[in-house]
Amino acid sequence: MFKTGSPVKGKDFIDRKKDLPIFRAYLNNNQHVMIKAPRRFGKTSLVKKLFEHEKSFKYIYVDLRRVTNLTMLANQILEKAYACAGIDRFMEQFKRSITELLKNIQSIKIDDIGEITLKHLEGGVKDEREYFLHSLDVVEKISLKKNLNIKFVFDEFQDILRISDDFMLEQIRSVIQHHEAVRYVFLGSIESIMTKLFSSKSSPFFHFAKIINLEGLEVDELYEYAKETFLNHNIEFDESVLKMLQFLQGHPDYCAQVLQALYHEGIIKGFKKIDYDICLNALTQTLLENRAYLEELISKTKQKKHHFEVLHSIANGYAVNLSPSSLYNIHVSLEEMGLIKNIERGKYIINDIFLEVLLQQKDETLLLGKRIDLSKFSKTM
Ligand SMILES: Nc1ncnc2c1ncn2[C@@H]1O[C@H](COP(=O)(O)OP(=O)(O)O)[C@@H](O)[C@H]1O
Ligand SMILES: [Mg+2]
């Protein structure tokens, strides 16, 4: 089956034969790792896949997109760190009885760092920066004292700049560079920011982590997986399926969604042969199902001067009439929104294939009739 909608695990995971071994090797070599790729390219799935059955280390996972401030983040980290050391529901225990909790903390023998946590918490957190940095030290201490080899995952790491600032990055770096018993994994969807953070000489994270550039799934692997699933269910198909996966450039999320649509087609409509028309239909339906998300991306560009114009020109391959400097600024800004990527000097591509297709629609009436002009796909046939 093809699962969609949330990060995939277990047998739903289509093997990343190239990236998975590299990622595993970095971790085994005790290195910090940074993984960058546009949204929905399978970063979270990759990490969960690797960590799911791992016995040789524990991991702590936090998603920065889901927190609004440093205190909230630190609370999550502490909760998970103390759970690794055998103290469950730390915050709840703190509210119930501080003396009980203190006894528990003393019993797990992690020096006096537990008492420091309590000091931060008593009377409410006063310095959220200190409190957050302390939470990272707690993870290190617990990993060290309990011999846990903890891997710490910051998902959507660039969002640290949304809840804090550049100085925070320096502070994080100066704390974690002393950590020996924890290794860090940073995931990020805004490639230009991640690149700046980890590859620019002036950044505190310069050369801190091994970098993995996650691309779409290998079309051949994806096709093998699809073929096997269809054959197992006696669903026939022709070469359009492969063409379709190529057209989607192996985009993990869209490929999974389209294959799922085809699978249902095959099962529900009685094992009819999957051909070009059925693929075209599945592509159209899937694009329309993602339209609200895509329109939201588009509407964000319309709130900023000339952004939509420039994005549209990239999708349709024409030049806009703007000064080089404003064009440059808009490109940077669109990159920071995660929408485009610079592939060579002055040349940009749209990260999301469906966004590109939507931007290429010339006939509004088609869209109103909930139809999509997919002539670009037809041309591949
Ligand atoms: N290796 C994979 N095998 C199968 N489906 C995948 C794989 N990676 C990603 N997907 C699909 O893409 C979707 C988005 O993946 P996710 O890991 O959440 O991306 P990201 O963290 O990069 O935003 C998943 O819900 C799943 O449907
Ligand atoms: Mg993710």
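Here are some short exercises, each with a worked solution, on the predicted model above.

Local features are given at pLDDT of at least 70, side-chain atom pairs only at pLDDT 80 or more, while totals for chains, interfaces and linings use all residues. Residues are numbered from 1 along each chain as its sequence is written, chains are lettered from A and ligands numbered from 1 in the order in which they are written, and side-chain values use heavy atoms, leaving out hydrogens and water.

**Exercise 1. Get an overview of the protein chain.**

Step 1: Begin with the secondary structure, which comes to 20 helices and 7 strands. Helices (H or I, at least four residues) and strands (E, at least two) are DSSP runs, numbered from the N terminus.

Step 2: Next, take the dimensions: the C-alpha trace spans about 70 × 55 × 40 Å along its principal axes.

Step 3: Then look at burial. Of the 381 residues, 51% count as buried; buried means under 20% relative accessible area, exposed over 50%, and partly exposed in between, with a 1.4 Å probe and protein chains only.

Step 4: Finish with contacts, meaning heavy atoms within 4.5 Å. Among contacts with a separation of 6 or more, 72% come from residues 24 or more positions apart.

**Exercise 2. Work out how α5 and α6 pack, and do likewise for α7 and α9.**

Step 1: The axes of α5 and α6 are 9 Å apart, at an angle of about 155°. Axes are lines fitted to C-alpha atoms, for helices over the stretch in contact, and angles run from 0 to 180 degrees between N-to-C directions.

Step 2: That angle makes α5 roughly antiparallel to α6. The cut-offs are under 35 degrees for roughly parallel, over 145 for roughly antiparallel, 65 to 115 for roughly perpendicular, and oblique for the rest.

Step 3: The contact joins Ile98, Leu101, Leu102, Ile105 and Gln106 of α5 to Gly114, Glu115 and Leu118 of α6.

Step 4: Now turn to α7 (residues 128-145) and α9 (residues 166-176), whose axes lie 10 Å apart at an angle of about 30°. These helices are therefore roughly parallel to each other.

Step 5: On the α7 side are Arg129, Phe132, Leu133, Leu136 and Asp137, which meet Phe167, Met168, Gln171, Ile172, Val175 and Ile176 of α9.

**Exercise 3. Which parts of the structure cover the buried residues of α9?**

Step 1: List the buried residues of α9: Met168, Leu169, Gln171, Ile172, Arg173, Val175 and Ile176.

Step 2: Their cover includes α3, α7, α8 (160-163), β4 (182-188) and α10.

**Exercise 4. Is alanine 74 buried or exposed? What does alanine 74 touch?**

Step 1: Find alanine 74 in helix α3. With a relative accessible area of 0%, alanine 74 is buried.

Step 2: Not counting residues up to four places away in sequence, alanine 74 touches Tyr131, Phe132 and Ser135.

Step 3: Compare sequence with space: alanine 74 and leucine 133 are 59 residues apart in sequence, and their C-alpha atoms are 8.0 Å apart.

**Exercise 5. Describe the surroundings of methionine 194.**

Step 1: Methionine 194 is in helix α10 (residues 191-199), and at 0% relative accessibility counts as buried.

Step 2: Leaving aside neighbours within four places in sequence, methionine 194 is in contact with Met34, Lys36, Phe157, Gln158, Phe186, Leu187 and Gly188.

**Exercise 6. How many aromatic pairs does the whole structure hold?**

Step 1: A search finds 23 aromatic pairs. Rings of Phe, Tyr and Trp (its six-membered ring) pair if their centres lie within 6.5 Å; planes under 30 degrees apart count as stacked, over 60 as edge-to-face and the rest as tilted.

Step 2: Take tyrosine 223 and phenylalanine 237: the ring centres are 6.3 Å apart and the planes at 90°, so the pair is edge-to-face. Tyrosine 223 belongs to helix α11 (residues 219-232), and phenylalanine 237 to the loop between α11 and α12 (240-247), 14 residues apart. Both tyrosine 223 and phenylalanine 237 are buried.

Step 3: Look for a cluster too: ring pairs link Phe152, Phe154, Phe157, Tyr184, Phe186, Phe198, Phe205 and Phe208.

**Exercise 7. Place the two positive phi values in their loops.**

Step 1: Arginine 89, not a glycine, has a positive phi of about 45°. Arginine 89 lies in the loop between α3 (70-84) and α4 (90-96).

Step 2: Aspartate 111 has phi near 55° and lies in the loop between α5 (98-107) and α6 (113-121). At 43% relative accessibility, aspartate 111 counts as partly exposed.
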